[in-house]
Amino acid sequence: MSATDDSLSMLMSSTPRPPSIWRTLVSIGFVAISVPLLWLATGCVNEDDLTTDQRAYQLSQQLMCPVCDGQTLDQSQAQLSLDMQAVIERKIEEGESNAEIRDYFVARYGEVVLASPDAGGFNIIAWVMPVIIFVGGALLVVNAFLNMRRNRRDDARGNEVEESTDSALEPMRPGEVMDEYLERADREIAAAVGNVSPRAETDADNGDRN
Amino acid sequence: MPSRTKPLLLVGIPLLIFVVVLIIGMLQSDVGRGRPGVNDTLGEVAVSTDRFTDLQVTTLDGRPLRLSDLRGSIVMIDFWSSWCPPCRSEAPILAVAYERWSELGVEFVGISIWDTESDVRDFVELHGIEYPNAVDESGQIAVEFGVRGIPEKFFVNPEGEIVRKINGPNTSQSLDEVLTQMSDTAIGIGGN
C-alpha cells in the first residue's frame, strides 16, 4: 500500500461519528425519571402519619397571612394569622383533611391565601415552567458536553492524520531536487526548440574538449 | 437551523415566557399591600363566606344569640373594634341608624374582634349602642366570615342568606341605601 493510500484510509477512519443517540436518550431518561422521583420522595408523606401540631405547622407554611406583606401564617404575628392557626388546629382535631382546610381558607380569603398556586388552569404554568427549564437546561448541558467531546476527538484525530501524512512524504535531498529540476528544464527546452537537448550538447562539447 | 441555535431556542423561549409571566405576576401581585387590621379595599366586595353561615354568640348581657333565630328579618352584622378609628367615627351613625331601622324590623348585631370585653363594654356605653354586641375572643367567628380588617359588614336577607359585604366605614346615607335596597327586595319591589 502506498503512503497516499495510508493517508486516505486514516482520513476515512477519522471521520467524526454521529453522537450516540442512545447516550442522549439515556441522559434524557435519567432526568425524566429522577425529577418526578425526587418530587415524590419529598411529597409522599401521608398527612395521617403526622401529629396535629406537625400538620398545623405544615398547613401554616402553605397559607399566607391575608393582611401581611408576603408572610405565611407561621411567619406572621398578626392577630388574624394567629386566629387562622387556631382554626387550623381546631379543624384538624375535627378530622378535616389538609385539602379541606385549604379549601376552607380559599373560600374566605381567595386563592391569594395559598403560598403556592393550585396546580390547575393558568396556574399550571407556574408548576410546569421550572420543570421545562430544568429539563431544557439539562439537555443543553448534555448537548454542549457531547459537542466538546466530539470536537476534542476530531482535533486529536486531525493531529494524527497530519503527522502520518507528513511522515509519508519523505524529504528529498538538495542534489536530487536540482537533478529533477534540470531534467524537467531539459524536457521543456527540447519541446520548445527541437529534439536536441542543450544540456546534451553541452555535455558533448565538454567531451570533445576532453 | 444551526445545531447551536436549536438548543438555545429550546431553553430560551420557555425562559422568556417564564420571565414575562413572572413580571406580569409581580405587577399584579398583592404583596406589599395590606396591613394587619386594615382593609385595603373599601366599599362593597364579594361575600367572603358560605352564604348560609350561622353565627352563634353570647352577647354582652349574657344572652345567647344565633343568626338563624333572626330568620325573617334583614340583619346587618358589623365586625368592629374599640381601638379602631373608623369604627369610632362610625359608631354614632350606627347607633342612630339602628333606632330608625329596628322599627322596620331590621336587626343589627355587633361582633367585636381583637378586643377586650371591658373595652367593648365601655365603648358600647359611651356611644349609647342599643343593638346586641358580642366579643369574638378567639377570633374564630372573624375567620369563619373571612374578615380581613375592621370595620366589615355583612348583610343577611330574611331567608338567612348573606347577600352583601361592605368593607370600611359607612355613612348614614350609604347604610340607608343598602338597607332600603334590601328591604325593597324583601317585599318584592326591587331586585338585589
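This tour moves through chain B of a predicted model, from its confidence values to its central sheet and then to its contact with chain A.

**Confidence**

Begin by colouring chain B by pLDDT. The mean over chain B is 88, and 89% of its residues reach 70 or more. For the complex, the predictor reports an ipTM of 0.76 and a pTM of 0.61. Where pLDDT is low, the predicted coordinates should not be read in detail.

**The sheet**

Next, display the strands of chain B as a cartoon. Six of them form an open sheet with mixed pairing, in the order E1-E8-E7-E4-E5-E6. Select residues 43-45 and 133-136 of chain B: these are strands E1 and E6, the edge strands, each of which pairs on one side only. Looking across the sheet, neighbouring strands are turned by 25° against each other on average, direction ignored.

**Strand E7**

Now select residues 152-156 of chain B, which make up strand E7. Are these residues buried or exposed? Five of the five are buried, so E7(B) is largely enclosed by the rest of the structure. Showing the side chains makes its two faces apparent: Glu152(B), Phe154(B) and Val156(B) lie on one side, Lys153(B) and Phe155(B) on the other, and both faces are covered.

**The neighbours of E7**

Add residues 75-80 of chain B, strand E4, which pairs with E7(B) in the antiparallel sense over five bridges. Within this pairing, Val75(B) is found opposite Val156(B). Then add residues 162-167 of chain B, strand E8; the pairing of E7(B) with E8(B) is also antiparallel, with five bridges. Here Val156(B) has Ile162(B) as its bridge partner. Follow the chain from E7(B) into E8(B): this hairpin has five residues between the strands, and Gly160(B) adopts a positive phi near 90°.

**Strands E5 and E6**

Move to residues 107-113 of chain B, strand E5, which pairs with E6(B) in the parallel sense over four bridges. Select Ile113(B) to find Asp136(B) of E6(B) standing opposite.

**The contact with chain A**

Finally, show both chains. Contacts link 25 residues of chain B with 24 residues of chain A. Which elements of chain B give two or more residues to this side? They are helix H1 (5-28) and helix H4 (140-144) of chain B. H1(B) provides the largest share, seven residues. Colouring this side of chain B by residue class gives twelve nonpolar, ten polar and three charged residues.

Key:
Residues are numbered from 1 along each chain as its sequence is written. Chains are lettered from A and ligands numbered from 1 in the order in which they are written. This is a predicted model: local features need pLDDT of at least 70, side-chain atom pairs count only at pLDDT 80 or more; totals for chains, interfaces and linings use all residues. Two residues are in contact if their C-beta atoms, placed from the backbone, lie within 7 Å. Ala, Val, Leu, Ile, Met, Phe, Trp, Tyr, Cys and Pro count as nonpolar, Asp, Glu, Lys and Arg as charged, and the others, Gly among them, as polar. pLDDT is the predictor's confidence in each residue, from 0 to 100. Two strands pair if DSSP finds at least two bridges between them. Axes are lines fitted to C-alpha atoms, for helices over the stretch in contact, and angles run from 0 to 180 degrees between N-to-C directions. A residue is buried if 20 or more other C-beta atoms lie within 10 Å of its own, exposed if 12 or fewer, and partly exposed in between; C-beta atoms are placed from the backbone.
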